[in-house]
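Reader: I would like a close look at a single part of this model, the place where the two chains meet. Please take me through it piece by piece.

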Amino acid sequence: MPRMNTAVLILPQMHYLDYGSCVMRRIASQFMNRLTIVELNDGDAMPDNINAAIQQYDPIFVFGIGHGNVGIYTVECRTPYMTVCSSTASMMAGRVIHLNSCLTAQQLGRDLIAKGATTYYGNYEEFYLIIGCNGQIYSPCSNKLVTTVFDAEYTVEKSLFSGSTTGQAQQARLKAYDDEINYWTTGPGANQPCAADAVRVLEIDKSIAVMYGSDSAVVATPIPTTLPFAALLAAVAGLGIGVVMASTTPTGGGK
Amino acid sequence: MRLRQLLSHSTALFAVLSNTGTGVTERVYTPQQILEEIEKGTPIGKQWIKAEENIIMRFLTSR
């Protein structure tokens, strides 16, 4: 049984993958105090290390960015990691998987669900990013233009790590794409160079953002929104809160 | 037509996260190359045309 509140993130660097990995590292840093998050960065994002991390931590959630095709997901230096009908695909049983990797939704994603993965998020066709504008190639995470598609796509993780269900995370993902499109059409980015290109790329990436499997799974304990009130009650009532909770706990004996 | 105009004036550089096999060069596209994909009617070109249709629909429904 995979462990709740535990995630393995596969974050290769080469071949433009750092453009996404650096965004995911930023997101992960916001949740390190709530979840056990294992990052496999750069040269560590290789098959043996990934398998070892999955066996050691048994995570409920696995994220990977990498170059892909319909039946294959590759990691650092385009090293094949997971293919349709492979034993690696079987290792994903019981887990929620997000592969930010072109075309994998066509076969690999369906195969993962067939092999028991709880939920799969992926990309049905080519996933685009912008790496430069006006004759300049930008560094990863250096500006909004290069992060915009990942800011939308990785809303899946922001939602799941906050305790949303897989279905809610998918809805949040699609809404985030709309929000990013609005940023470049009517928002602060509207008059910036390459804004129109960003809109097109976001529109493409939104249209291929799919989810298969369960829409009711959770990977993290929800952030308690009523905590301050509960804490206040606990401080005032002391032991009384325990009495109230105990009285609402169903007891056996009826069956 | 609108997409052609946009791409012919664009200075963006695009990359994709696809892997067509070992030893394949980086999948990076200039706007001119995207235009060529559109002219040839490749899957890449069709993606861009579909996106443009979606953008037009988005614009019309927001009015």
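Author: What follows goes through the sheet shared by the two chains, then the contact around it, and last the setting within chain A.

The model is a predicted one. Where the chains meet there is an open sheet of 4 strands, in the order S10(A)-S9(A)-S1(B)-S2(B), and the pairing is antiparallel. The edges are formed by strand S10 (136–137) of chain A and strand S2 (28–29) of chain B, each of which pairs on one side only. A helix lies against this sheet: H8 of chain A, residues 195–207, packs on it and touches both S9 of chain A and S1 of chain B. The direction of H8(A) makes about 165° with that of S9(A).

The join between the chains is made by strand S9 of chain A, residues 128–133, and strand S1 of chain B, residues 13–16. These two strands run antiparallel and are linked by 4 bridges. Two of the partners can be named. Leu129(A) has Ala15(B) as its bridge partner in S1(B), and Gly132(A) has Leu13(B).

The contact as a whole takes in 34 residues from chain A and 22 residues from chain B. On the side of chain A that touches chain B, the elements giving two or more residues are strand S4 (68–69), strand S5 (72–74), S9 and H8. Of these, H8(A) supplies the largest share, with 8 residues. By type, the residues on this side of chain A divide into 17 nonpolar, 11 polar and 6 charged.

Now the chain that carries S9 and H8. Chain A has 10 helices and 11 strands. Of its 255 residues, 46% are buried. Among the contacts in chain A with a separation of 6 or more, 69% are between residues 24 or more positions apart.

Elsewhere in chain A, strand pairing can be followed through strand S3, residues 59–65, which is mostly covered, with 7 of its 7 residues buried. Strand S1 of chain A, residues 3–11, runs parallel to S3(A) and is joined to it by 5 bridges. S3(A) is also joined by 5 bridges to strand S7 of chain A, residues 96–100, and that pair runs parallel as well. Val62(A) in S3(A) appears in both pairings: it is the bridge partner of Val8(A), and it stands opposite Ile97(A) in S7(A). The pairing of S3(A) with S1(A) is thus parallel, whereas S9(A) and S1(B) run antiparallel.

Notes: Residues numbered from 1 in each chain as written. Chains lettered and ligands numbered in written order. Predicted model: local features only at pLDDT ≥ 70, side-chain atom pairs only at ≥ 80, totals over all residues. Pairing = 2+ DSSP bridges. Contact = placed C-beta atoms within 7 Å. Axes fitted to C-alpha atoms, helices over the stretch in contact; angles between N-to-C directions. Buried ≥ 20, exposed ≤ 12 C-beta atoms within 10 Å, placed from the backbone. Nonpolar A, V, L, I, M, F, W, Y, C, P; charged D, E, K, R; others polar.
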